[in-house]
Number of protein chains: 2
Amino acid sequence: MSLVRVQNFSISLDGFGTGDGQSLDAPFGHAGERLHEWMFATRWGHELLGRPGGTGGIDDAFARLFSVGIGAEIMGSGKFGPPGWHSDPDWHGPWGPNPPFHTPVFVLTHHSRPSLEMDGGTTFHFLDAPPAEALEAARAAAGGLDVRIGGGPSMLRDFLAAGLVDHLHVVVVPILLGRGVRLWDGLEDFDRNYTIETMVSPTGVTHLTFTRTGADG
Amino acid sequence: MSLVRVQNFSISLDGFGTGDGQSLDAPFGHAGERLHEWMFATRWGHELLGRPGGTGGIDDAFARLFSVGIGAEIMGSGKFGPPGWHSDPDWHGPWGPNPPFHTPVFVLTHHSRPSLEMDGGTTFHFLDAPPAEALEAARAAAGGLDVRIGGGPSMLRDFLAAGLVDHLHVVVVPILLGRGVRLWDGLEDFDRNYTIETMVSPTGVTHLTFTRTGADG
């Protein structure tokens with residue numbers, strides 16, 4: 001069965017999925033790289049950057065699930081580029097010619113444009129659609145595999161609130177950002193439909209998995 | 001050395017230290033007892049209620065530190081009673097004749113009243129003072145022992161922001177309350193002066209300790 005999954009979504013202890021003041025040079029605003037250091041420290045993170053070494057424990061195990069069994073991603077407009085990217089017709093995302101997705105990726109935006117085929121199997125499609133409709137498109141493109149909800153926090157919250165996510169992996173980093181965009185706002189009792197497991201890594205981050213317990217789980 | 005400590009302060013995964021709609025019947029509002037079930041399930045919690053049994057693991061170990069080495073508590077007005085308690089001259093707090101503190105307790109309130117001696121060693125003092133001044137009074141009454149900051153979340157946040165807390169024990173309960181009073185608001189970079197340790201209990205709650213790394217830690 002094709003599941004809807006979230007992998008490696010990192011938040012601060014005070015719940016921010018991104019910091020304040022996002023820009024081209026600071027895609028996570030004042031958070032900098034602090035929410036994702038745990039990921040880049042893993043063997044998987046090192047491989048992404050073409051480096052040897054890296055940690056091989058629980059952080060690496062979770063990080064690698066990013067692409068396992070995934071046939072498509074849906075991402076928010078703010079992940080594809082900094083505010084204003086849609087006025088630049090040559091903007092191809094911040095990942096260079098070979099983005100790390102290697103599947104169709106649906107970018108939710110009110111500013112449509114032609115699909116964009118990149119190296120390595122990533123094709124960006126631009127879609128102005130509510131969560132359920134976007135999911136339908138992504139499922140059709142995923143070839144029976146799972147669909148990953150890529151964030152940022154605002155669009156992820158919409159998918160969670162709409163009850164569309166089967167498996168959610170959140171990583172809590174023990175820092176206090178104080179400002180930015182919160183993941184959990186407006187999700188009262190979201191936990192009631194999920195089995196939650198919590199695991200602490202020796203690196204200090206906490207991994208939480210939410211697995212849907214409903215009939216369709 | 002006399003430390004300023006916070007023990008067993010429970011918050012939801014979305015950061016609320018109390019729910020919405022606090023009243024005499026619902027001191028934690030719509031959160032009910034959900035933030036503290038882990039505590040009442042311990043051997044220590046059972047002993048408090050005069051019952052046998054209870055869990056004996058990490059939750060019990062932490063719960064018992066509540067009173068170990070403590071010589072005084074400071075609490076916020078909202079912990080001493082529901083909104084409006086100060087207009088009832090017979091209000092003695094919600095704990096009955098023998099409150100579980102057994103030390104001097106300083107209640108921060110703009111409505112002063114005479115000190116109140118209870119059974120079992122608890123004496124309530126009513127104080128209209130900012131955090132540092134309240135701490136001075138509590139320290140003087142603590143006989144060289146530690147001072148516990150008792151909450152609720154608003155007053156605790158004030159003490160954290162003022163840099164007055166040496167040791168903070170927070171328990172994250174995996175529920176999403178959606179509304180209430182947040183602990184972490186306005187504490188950007190609070191973590192930078194503390195060593196943070198994270199431990200998951202088999203019961204599903206996560207214990208975090210913040211130990212001050214500054215010269216006075």
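**Exercise 1.** How much area is buried between chain B and chain A, and what percentage of it do carbon and sulfur atoms give?

*Solution.* Keep in mind that this is a predicted model. Start with the total: about 2,100 Å² is buried between the two chains, B and A. Next, split by atom type: carbon and sulfur atoms account for 54% of that area. Then look at who pays on the chain B side: Leu13(B), Leu176(B) and Glu188(B) lose the most area to chain A, and together they make up 29% of what that side buries. To finish, count residues: 27 residues of chain B are in contact with 27 residues of chain A.

**Exercise 2.** Work out how many salt bridges and polar contacts cross the interface, and which elements of chain B take part in it.

*Solution.* Charges come first: the rule finds 6 salt bridges between chain B and chain A. For one of them, go to Arg179(B), which pairs with Glu188(A); their closest N and O atoms sit 2.6 Å apart. Now the polar contacts: there are 8 residue pairs between chain B and chain A, both partners at pLDDT 80 or more. As for elements, β10 (194–200) and β11 (206–212) of chain B each give two or more residues to the side that touches chain A. Of the elements, β10(B) gives the most, with 4 residues. Sort that side of chain B by class and you get 13 nonpolar, 5 polar and 9 charged residues.

**Exercise 3.** Is Asp166(B) buried or exposed, and what does its side chain lie 2.8 Å from?

*Solution.* Find the residue: Asp166(B) lies in the loop between α6 (153–161) and β8 (167–173) of chain B. Check its accessibility: the relative accessible area is 8%, and the cut-off for buried is under 20%, so Asp166(B) counts as buried. Now look for a partner: the backbone nitrogen of Val4(B) is 2.8 Å from a polar atom of the Asp166(B) side chain.

**Exercise 4.** Why do the buried residues of α5(A) line one face of the helix?

*Solution.* List them: in α5 (residues 131–141) of chain A, the buried residues are Ala134(A), Leu135(A) and Ala138(A). Look down the axis of α5(A): these residues fall within an arc of 100°, so they line one face. Turn to the other side of α5(A), and you'll find Glu136(A) and Ala140(A) exposed. What covers the buried residues? Among the elements that do so are β1 (4–12), β3 (70–76), β4 (104–108) and α6 (153–161) of chain A. Finally, step just past α5(A): Gly143(A) takes a positive phi of about 55°.

Terms used:
Residues are numbered from 1 along each chain as its sequence is written. Chains are lettered from A and ligands numbered from 1 in the order in which they are written. This is a predicted model: local features need pLDDT of at least 70, side-chain atom pairs count only at pLDDT 80 or more; totals for chains, interfaces and linings use all residues. Side-chain values use heavy atoms; hydrogens and water are left out. Contact means heavy atoms within 4.5 Å. Buried area is the accessible area (1.4 Å probe) that two parts lose on being put together, summed over both. A salt bridge is a side-chain nitrogen of Lys or Arg within 4 Å of a carboxyl oxygen of Asp or Glu. A polar contact is a pair of N or O atoms within 3.5 Å; within protein, one must be able to donate a hydrogen and the other to accept it, and residues adjacent in sequence count only if both atoms are side-chain atoms. Ala, Val, Leu, Ile, Met, Phe, Trp, Tyr, Cys and Pro count as nonpolar, Asp, Glu, Lys and Arg as charged, and the others, Gly among them, as polar. Buried means under 20% relative accessible area, exposed over 50%, partly exposed in between (1.4 Å probe, protein chains only). The arc is that of the directions from the helix axis to the C-beta atoms.
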